[in-house]
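Let's walk through this structure together, one neighbourhood at a time. Keep the viewer open as you read.

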Amino acid sequence: MAKIMQLTTEQEQMLVEHREEWRKIGLCCDPADFAAGDEIIRGFYRRLSKPDPIILHFSSPAMCELAVNLVFSLLKDGEPSQLDSQLYSQLGSQLYSQLDSQLRSQLDSQLDSQLYSQLYSQLRSQLRSQLDSQLYSQLGSLKAYFLYNRWGAQHWCAWEAYYLFGHKIGVRYEPAQITLLEEWARLSKSIGWWAPWDGICFVSDRPREVHFDENRRLHSDTGMSCRYSDGWGIHSYHGYHVPDTKAWIITDKAKLNPDTIDAEDNAELRRIMLEIYGFEKYIEVRGAKEIASDEMFGRPRRLLSMRVRGEEIRVLDVHNGSLEPDGTRRRFFLGAMSGANTPHEAVAMSYGIDPAVYSEGART
Amino acid sequence: MHIVNFDPNHRGAAQGDLYLFKLTDAEAAKRCGVELKKANRGSIRLLEGEVTGHHHEIVQDHEETGGTEEASAIAAAALGIAKARAAAARGTATLYQDDNLAAALPWLRRRDLMIGFLVVTGGPVILRHPEHDAVKLPEGTFYVGRQIESAGAEERVVSD
């Protein structure tokens, strides 16, 4: 087969359709097809020359983690051998490198940005990593058995979509390679996260809800951005993972007022609270007055003064140096240090640098 | 990943709550502190995101990965996708602790905000963060510190 140097118009269209088909698979919220998943998992165990495992199904990764901890604590011999690394080396990495070699020798086109990166950034960088963070933060005294050994299935499907598209437009893989790749793809279409050990495997259902904003950032301003059937999940605000203890910012907005906003230590969470409550409403309620302003990199900076419980407070009103995907900039109110009379002085003093020498050749 | 160049006409650069200030040659010559972190596989974590888990970190400046999406680069490397991931690294960096040097810098008013002194050698390195544009840092010695804000009678370190 001649090397494909550039995708045809028809292939470009196929690529878009293929990517969106896999995006749907990655974001699928239907109940897992556990029977189909079990069959593929047993097949993987056989490929590793392992006997069929006991396969246990649970409603979410959190329930899987609880179950793994409970089961392992009851086992007389303790934790069985994990199969994660064996699975990776024998059925994963070897396959990746073989497929990649075939793909690169037959296709001289970059699928990374149009296919792989788009799926990866939405499914793995965002969804999987926020679910990871959430589960990790809730472990308490539990061990991260499931978290550290799990495979992401639908949330890791970008690589399968990538190599399958090559196959779709004529790239030839060895028959054994395409068979194994299709098994991985079927697994991603069937179940949520799963983790294999010698003799036992824990499998999670898929989530029931996943919500993104128009820029494909995890987001819900009314509830969880990703929720499983047992109620476990995450809250996110335009891509920012809001921890459980602060989920009220999204679910109980009536609690938002200048006092609760000022009491928040974390600058990003305070920014989110202000976005929801309204920067201008905050200024109005606090009776804030502008005492100085300037521009840096064409962006306005203001120093505001307000009285809170009889005490004068100065607040620096600034915008982020980097653009958001929608072209806007995040806006922050930061408490100015005592003695600052201009935005420049307030910024310099916030970094502990003498305002006389402070400079910004770059701000991102 | 969009990369902004460090402006040689200025000494400072800010990436959100992280600030770097380039030392003069005379100031840098006084450095004799202990090594805190050396680039491990090309990266040094300067400041961790407490809630987000998003870090400010130094990575080596690869010739062909600068314009690609970070997620893709990491995943591609993990999956063995052979792109130009093995492009020659240009610079490297080491983070030092040096309280004596800090005390000798008249412009540094708050030594408690100091993370360390970053020494970049052999070419530029990249300061990156998932939610900020990256900054390309030239060779030299940089003060690295974090940001603080007032909260009424108290102070609090700015964190994300």
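B:T52 counts as buried because its relative accessibility is 11%, and the cut-off for buried is under 20%. In this predicted model, B:T52 is found in the loop of chain B that runs between β5 (44-47) and β6 (56-60). Who are its neighbours? Leaving aside residues up to four places away in sequence, B:T52 touches A:Y240 and B:D160, so one of these contacts belongs to chain A and the other to chain B. For a sense of scale, take B:A93: it is 41 residues from B:T52 in sequence, and the two C-alpha atoms are 25 Å apart in space.

Now turn to chain A as a whole. Chain A holds 13 helices and 12 strands, and its C-alpha trace spans about 75 × 60 × 35 Å along the principal axes. Of its 364 residues, 56% count as buried. If you look at the contacts in chain A with a separation of 6 or more, 64% of them come from residues 24 or more positions apart. The area that chain A exposes is about 15200 Å², and carbon and sulfur atoms supply 50% of it.

A good next stop is the open sheet of chain A, where four strands line up in the order β8-β9-β10-β11 with antiparallel pairing. Which strands stand at the edges? They are β8 (289-296) and β11 of chain A; each has a single partner strand, so one side of each is left without a neighbour in the sheet. On average, neighbouring strands of this sheet are turned by 25° against each other, direction ignored.

Let's follow the pairing from strand to strand. In chain A, β9 (residues 299-308) and β10 (residues 311-319) pair in the antiparallel sense over seven bridges. Two of the facing positions are easy to pick out: A:V308 stands opposite A:E311 in β10(A), and A:R307 stands opposite A:E312 in β10(A). With two residues between them, β9(A) and β10(A) form a hairpin, and A:R309 in the turn has a positive phi of about 50°. On the other side of the pairing, β10(A) meets strand β11 (residues 331-335) of chain A, again in the antiparallel sense, over five bridges. There, A:L316 has A:L334 in β11(A) as its bridge partner.

The aromatic side chains deserve a tour of their own. A pair of aromatic rings is described by the distance of the centres and the angle of the planes. Over all chains, a search of the whole structure finds 28 aromatic pairs. One of them joins A:F72 and A:Y145 edge-to-face, at 4.9 Å centre to centre and 75° between the planes. This pair links distant parts of the chain, 73 residues apart: A:F72 belongs to helix α3 (residues 61-74) and A:Y145 to helix α6 (residues 145-149), both in chain A. Are these two rings buried or exposed? A:F72 is buried at 4% relative accessibility, and A:Y145 is buried with a relative accessible area of 13%.

Ring pairs also build a cluster in chain A, with A:F44, A:Y88, A:W151, A:W156 and A:W194 among its members. At A:W156 there is a charge to inspect as well: the charged end of A:R124 sits over the ring, 4.5 Å from its centre. Chain B offers a similar arrangement, in which the charged end of B:R31 sits over the ring of B:Y96, 4.0 Å from its centre.

How values were computed: Residues are numbered from 1 along each chain as its sequence is written. Chains are lettered from A and ligands numbered from 1 in the order in which they are written. This is a predicted model: local features need pLDDT of at least 70, side-chain atom pairs count only at pLDDT 80 or more; totals for chains, interfaces and linings use all residues. Side-chain values use heavy atoms; hydrogens and water are left out. Rings of Phe, Tyr and Trp (its six-membered ring) pair if their centres lie within 6.5 Å; planes under 30 degrees apart count as stacked, over 60 as edge-to-face and the rest as tilted. Buried means under 20% relative accessible area, exposed over 50%, partly exposed in between (1.4 Å probe, protein chains only). A charge sits over a ring if NZ of Lys or CZ of Arg is within 6 Å of the ring centre and within 35 degrees of the ring normal. Two strands pair if DSSP finds at least two bridges between them. Contact means heavy atoms within 4.5 Å. Accessible areas come from the Shrake-Rupley method with a 1.4 Å probe; for residues, only the protein chains shown count as cover. Axes are lines fitted to C-alpha atoms, for helices over the stretch in contact, and angles run from 0 to 180 degrees between N-to-C directions.
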